[in-house]
Every structure is written in structure tokens, then in C-alpha cells.
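Please find below a colleague's note on the cysteine pairing, set out as numbered points for reading beside the model.

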Amino acid sequence: MLKPFPTLLCCALAIAGFTAAGAVCAEPRDEQIEEIVVTGSHLKRESRDFASPLTVLGRDDLDVAGATDIKEIIRNLSFNSGSLGVSATNWAGDDSSTGNASVNLRNLGNGATLVLLNGRRTVSTSFDNSGSSYVDVQGLVPNIALERIEVVKDGASALYGSDAVAGVVNFITRRGFTGVELQADFSSDDETHEQQDLLFSGLAGMDGEWGYLNLAASYLDRGELTFADRFDRFGRSGLSSFGQPGRYVPQIPAQGATPVASNYWWPRGGADPGHFSGSLPDPECEKAAADDGPMGTLGLHPDFNHICVYDYSSFFALVRPEEQVKFHADGSLFPAQNTEIYGSFSYSEQESSRGNSLYPDVRYVIVPEHHFGLQLDAARRGFEPVPYQALQRILGGAIDTPEEDRPISTVSTTRRENLRALLGLQSDFNLAGQDWTLDAGLVWSRNQLDLNWPVDTLTSRMDLAFAGLGGPDCDPQTGSPGSGNLGTGACYYYNSFQTSVYDPVTGERWDTADNSPWAPDPRLSVAEAARKYRNPAELLRWTQGAYITDAELEQVVFDLLLSGDTVDMPNGPLGLALGFQYREDEARFDYDDEANAFNFTFLTGDRDWDNRLSSWSVFAEALAPLTGWAELTLAGRYESFEQLGRDTFDPKLTLLLRPAESLSLRASWGTSFRAGSLLQTGGSRTLFLNSSDPFSNAPGLAYRASAATGNAELKPEQAEVFNAGFSWNPAGLLDGLSLDLDYYRYDYSDLIVREGHQELIDRDNASRCPGGLNDDPANGPLCGSWDLDGDGIVTVYSIGPGLPGKVIRREDGYLVRTEASYFNAHSLESSGIDLALAYARDVAGAGFFRASLDLSYTLEYDIVLANGEKIKGVGSRNAGNSIGRPMPRYRANAGLNWQRGRHDVFLNLRYIHSYKDDTPQSAFLGAYIGYAETIDSMTTVDLQYRLELPTLTARQKGSHLTLGVKNLLNEGPPLVNVDGAYDYYTHDPRGRIFYARYRMQF
């Protein structure tokens, strides 16, 4: 539930604004602005005159998308690829994808695009898996407050500083609006009707000689869509070999296993010792699968019959449930002629959640031979007890498993709060007969993040529980192991075997009311045996830990800009802009005590950290009219970072030619940079990555932790950017045609990357065992982790020192985690072509028609590793490297619009080209969902009808009803051989979406 005070405050302010707007509506000031400042320049010019490639999405473009949030707008841009937030799937969790969304122009990285709000910076709120920071565009302002979005698609650090490598996205709000506008949006998926969005928005404004005031607010209630809702398509795609039931590796002594002489299951003696070796699935694997149904335990793997497969995908969300409140106020005052005091205030609060299974205990725990559950399992197999290595999790089941069988809630919650305030002063004056403007502004913004992930178990408590000393009332110092299981005390064994659920005699669930003797041990009744082997709910809850994060990021920016005309030249005045900026960013991350102690069995833990980075910069921009049809712009920026001891200078040169009224040619060249983020330069973050470690005799360790710490010696990333293009708007017979074509190229170097988890493990292995693993003394020095004497204790034999500061191991050689750092290493070369083609014609009697095509074609996307190896990333999923994201060679959007009278119809076609999967296909996963070395193309069709309704009252300015369908043909995302079964960076998994919108103005 959202906090009531911010919610009520937003509503109160919005209602107050609506009332004031209805009572005090003044006519707008009668002035014509012939020149404006567009993103990509600090100088005023006509909106059509820009030398950098600029895409402008107006209010009509935003409406046609039928979107209830900004990420839908971003993901449809043909030149955006690999951004977060396309879907809610948390297999992208290493990117903090907890309901947030990013922009990734040209796929150069989430941190390589600068996001502005009304031309000003706002705090970066999140970090991706490379440690780069980015702005969560979901938390900016209400959609109804947006006037347009301007996208500069080339480097702009000379004008805006750090992060503007791939370009700039500027969200510009509506100003000077008079009256009241109310809007309601509703959408629903067609497959399940579970994923429904309900959005209420309002805007109020007044405008007069004194200035203006706009108030906007919105409330979004988003329904959840889980994998269980669409299990037919997305289920059986989150597979684990660590399940409940799990599997076990008996630690057999050198002389071999000892069969039982006789017991209830083996009255004539135990089985062949050869049957008691290797990885043994729990005997109740198939029984649990039958009880779970299609979700949860799937049974023995068809190709790896020693693995009891567990599918946890049903817990995951394709779309997270969410509540979101946004508020934005924007206004100005004119205390004197040619002087304006302006300001804005924004607030947003988002709460979302997602399900998950309880994480597995991936430590390869050794279950002692005195463990009650182990003794029973060994007896059933026909052998005397020996320690077992356990590969399991304490709970299995599925999202619909009853609480009786799954008495732990594993729903994670995320809460984000964003605040932003701006205060500025602008003054126009005349100097030496020329018009000048002085603009000074101070922006403060803050993001607070609270995460609560109750999805793991605590290492210290699990160790006690396996030893029979678990439970909230057990004193490990004085308690007797297993006394609670026997009904004589409060200390319990955690029974990891499925005999915690099923009576092995009947094969059915334990009958706790049966007081007759239990056949395998007549000293116990069936009810007493049930108490001995079942896991009490309070024991399971006691082992659970919640991974809690409290974080705050804050930014203060002061800008000073002086712009105007200087000397008159033969073809017009020389425009000049001079500026100064001071910026300070701070971050604080506070994890719970258990995380600080690295006491989680799967998530391991993390370190608290805080960091601060401040910079100052000076910049200049000059526009020279060379001729009546040519202008040259020069810009440069010097920026210095105090804590890093680094500085950078970035120039930019643009040339705009207009040889004819219908044709303009443009070219730009410059450099851009991105300083290391607060995390990369002084933070700490733990990721969970697949790994293999032959040294510890575990070639497939699945997920292991990698904790990375910041590096204050990082150099800024650098990019050289070139763009050339033209715009053609012919008259005559081709009147209504527009064509924009641009070629771009980026040479991006010194990319900041995180040390590779697997690479550190491999280097550690190579140092410890330069000749490879060897467990036979006759073949040379022993090297590796082995139990050579059969005493059940693994001993480490190492020749070299390894990387003890980088690869953290237990005494038995078990890989605990790697300790990575950030460094400058890779580079990226990218080039491509953007095409925007449109034709509009008003046909007498038939209405107005407009057809359009936007296409982005990537020529190259080459990642160069530190060793010089070049990876061709275009047309690839790029999951095998730490830089790229999925990069289809081209994406295209085509549209057709018809307008007549009160009627508007929009038809849009969106196309994403096929691409290769650069990682090996998983046979473990492929047996259930199939294989896809090539990820197919995807085409979707959107249809929208908009009707202008008659006014009902004299005060009403108008109203519109919009009905639409996204993905009209219900195209499903192409298969990908990964957890989740689709590409959550690229494709929308929801299928057909119906939506409706009603808007009215007063």
C-alpha cells in the first residue's frame, strides 16, 4: 500500500489546481516565439534548423502509442535497443530491474544516454550489471504532463557533460496550459485478462501576465501477470537441479559402501554397492511431481535421470503488480519586465512486488550421518549411513501450493520514492545593441530505494538445522540434537529429504492422527514418526532470512548560462553561449546485518557503502552563419572531477547547409565521455553468476557470488562520434513528402567493465594447478580438492598460491565467491543508418492521410576485448560478453494515419529482425522448451481509433474517446533457450492488449 500522506498530498494539490484553474482562467500572453532552444544546443534557433540528428516525439506520437507508462514509448524507438524495463522478468535482476526502466540509445549501454527533464539533469537512480548508473524514466513525471520528448542521437558531452555518449533524451513538460484536463486509461491483456492497467491523470493550469502555473498528477494501478497465468507458453523455463525433492552424493569411504544386514526395506540385506554412488535423486521425486502437477517439481530429467528437476518459473512475473503515484508542478513569475523566476517540483512513489521460490542452498552442504532423515534415506537405499552432500532447497512447490505445504512467503517488495525541485532565474537584456539571456538554475533531486527480499536462508541457521540444533527455542550450547523431533526438547533437525512430507511406508502424506505402530520402527507410532521426520513450520520460518536494502542517491546541480548574439557578420550575428556547471552526486547503500556478514546461503551478502563525486565544468558554444545557406557551430567543454583527480575536454563541431529551401545537409563530429559511476568508483555490489570450478571437484557449480568493489583510479570512458545526413522536404508534386537519412559512427574506448567472475576462477585454477588437476600421487604432485583417504573430509592440495584475494574459498576448497573490481578495458565500434520517411496528403472529400517509416539499420557493432579479440555483436544476443545487449541488425516502425472530421485511425507495424544466440544451447533446459540458435524475427500490428466527442457544456473545450489494440494478431515473443524462454531485453511477452482512453478538457 502506498503511503497515505504523499497520495493525499498529490490528490489535494491536483484538486486545488483544478479548482483554481476553473475559477481563474486568464488568456495567454500574446507573444509569438519564432525561435526556441532545442535539445542539442544552448542557442535559440528555428525548430527545423539543427545540425545534430534530432527526433521529436510530440503529444500525438505519445498518444498513438496507447501507453500507460514511459517505457512503452522508449522500447518502440527503432534506435533504442537492449534497455531495461521491456518486461518485468527478474532474470534480468542483475540489472536492478525491480520495476524500473532505462534508455539505451544505439545499445551503447544504459549509462551512455543522458536523460534530462526540461533540459536539466536529474539524479541517476539505478545501476546495471556493469555498474553503470542510469535514470529510471518510470519515475519522472505524469505522462499527461509531457509536451514532447526530444532525442539527440549523437554525442553531446561538449554541451551537457558526462554520460551524453550515445545521445540525450530530453523530457519536456507542458507549460502555459490553461484550464483542466482529465484522463482515464484502461488496458487488459487478451490471453488471461489478469494484466490490467488503470491510470487516472489530471492536469490543471492558469496563465496570465504574472506568469503561469501547471499542476499534474497521476495514479497507476497495475495488475500482475505471472508465468503461471501463461504457463502453456512460458512455463517449464526456470529449471534448477537444486530442488525439493533434491539429490544427494554419498561420501563413500575408500573401502566402499556397507550394505545393511537386514531392515524393513531390505530383509535379506542391502543392494549392490554400485547403486549407492554418484548423484542420487530423492526417492520421492516422481511422487512430488505428480502432486505438484504441471508446475513445481517436474520429475527426473529425461536426459539426466540422476537429477530431480525443479521448475520455479511459476512464481515469476511477466508483468509486476505495481502502484504508482506521480505529481509535477511547473510555474513561473514575472516580477519585472524581461525577468522570470521559474521553478518546478516533482514527486513519485512506486511500490511493486514479485514472487520467487525460496533460493536453493548451493553450498553443497554435508549432511552428517547422525541426521535422522539421512539415516532413514540410507536405510531405504539399503546401506549403512555415511555423510551426504546435499543439492537441494528447503522448499519447493509452485505459486498455487497451499500454505500448509509451503508455510513461507517469498514475495519480494520494492519501494521507490523520487523527489526533484528546481528554482531558476532568467533575465533578458540588451548588450551593445544585441539581445542576451542570463539563465541560472539550481536542481536538487533524490531517489530512495527500499528492497525486501525474503527469498533466502541464513547460513548459520541452516548449519545448526542440519546438525539437529535448529529452531527458534533451541540453545545450541546446551540443546540435544533432534530433541524436538523426538518430542523431548526444542532442537530440530531440518529434514531435507522428501520423507518430511511422505510416509515411505504408504507413499502418502504422513497421517499425524495414526497412533498404530510404524512398521519400519515399531517403537514409534505413525504419528510419532511423522513428528520425527516432518519439518515444523516454525523451523522453516526460522531458517529464512530477508535480504534488505536501504539506499539513497542524491544530486545537486547548479547551472549558469549566458547566451545571445555578439558581433554582426555579413550573413547574420555570431551566436554565443557561455556556461558554468557544478554537480555533486552522493550515494548511500545500507544492507541488513546478515548481508554484511555474508550469511545468506545463495545471495551470500554485500557491504554497506557510500560515495561522493563532485565536478565543475565550463563550456562554450558559438554559431557562425558562414553564408546565407551555411552555418558552423563550435562547442567545447572542460570538466574536472574532484575526488577522481581526472579532467576531460570535449569539442564538437557541426555544419548545417541549406543549398535549397527543400534540402538541408548536416554533419557533426565530436567527442563525448562518461565518468565512472558512484558504484564503479567507490561502491560495492554482489552479483550471482553461473560458474564452474574443477579445482573443488565441482565442474558445474551453478550460481555463485561475485562481490565487486569500486576503483577510484578509473579513467572516464571516451567516445569519438561522427554523424552525417540530410533532410529533404520537396514542394510541387511531392509536396507532403519528408525524408531524413543519417549515417552515424561511434568509436567508444576505455569502457569500464567488471572483472570476469569465471575468468578469476580460471586464473585461480591455473595458478594452483598449472599442470591441471591430479588425484593420483603416482602421476606427480597432488593438486585439487579431494577426499583421498576416505575419511569424509576433503583436503586441499595446491601447488601454486592461486588468487587468495580474488577467489575466496573454504578450507576444503569450496568456492565461496570472487572479489572483482572495475577497470578500463574494452572498446566498442558501432555504425549504422537511420531512416525516417513520411508522406502526408489531404485528399479532398476523403480526408487526410499520412504514411511513415522509421528504420534503424546497424552496420557494425564490434566489441574489442582487452586482449584484442573482436566480437561481432551485430545480429547477436550478446549474452556471452559483459558489454553488449541483444542487437538485432535492424528495427523498423511503419505507420498509416487517416483523419476525417472527428475521426482518426492509426495503424502501426513494428518489426524486430532475427538474431543469433551467441551462447551454447542448454540441453538441460532444451529438453523442456526446445532450442533456438536463431531467435526469430517478430512483427506486431497496432490499431487505434480516436473519436472527438461533441462538447456537452459551454465550459468544456472538448473530449476524446480512444479505443485501441496493441499486437492485434497476438504475436508471441520468439523462443530463446534461456530461463524465461524469451528475450526480456527485446520482446514484449503479453500478447494482444486492448485499451481505452477518455480525455476531456475544460
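**Notes on the disulfides**

1. Cys769 is buried, with a relative accessible area of 6%, where buried stands for under 20% relative accessible area, exposed for over 50% and partly exposed for what lies in between (1.4 Å probe, protein chains only). Its partner Cys783 also counts as buried, at 0% relative accessibility.

2. This is a predicted model, in which local features need pLDDT of at least 70 and side-chain atom pairs count only at pLDDT 80 or more, while totals for chains, interfaces and linings use all residues. Residues are numbered from 1 along each chain as its sequence is written, and side-chain values use heavy atoms, with hydrogens and water left out.

3. A disulfide (a pair of cysteine sulfur atoms within 2.5 Å) joins Cys769 to Cys783, with an S to S distance of 1.9 Å. The torsion about this S-S bond is about -95 degrees, so the disulfide is left-handed.

4. Cys474 is joined to Cys491 by a disulfide with S to S 2.0 Å, and the torsion about the S-S bond is about 90 degrees, so this disulfide is right-handed. Cys474 counts as buried at 11% relative accessibility, and Cys491 counts as buried at 3%.

5. Cys285 and Cys308 form a disulfide with S to S 2.2 Å, and the torsion of about 95 degrees makes this disulfide right-handed. Both Cys285 and Cys308 are buried.

6. Overall, the structure holds three disulfides, and their pattern in the protein chain is 1-2, 3-4, 5-6 when bonded cysteines are counted along the chain.
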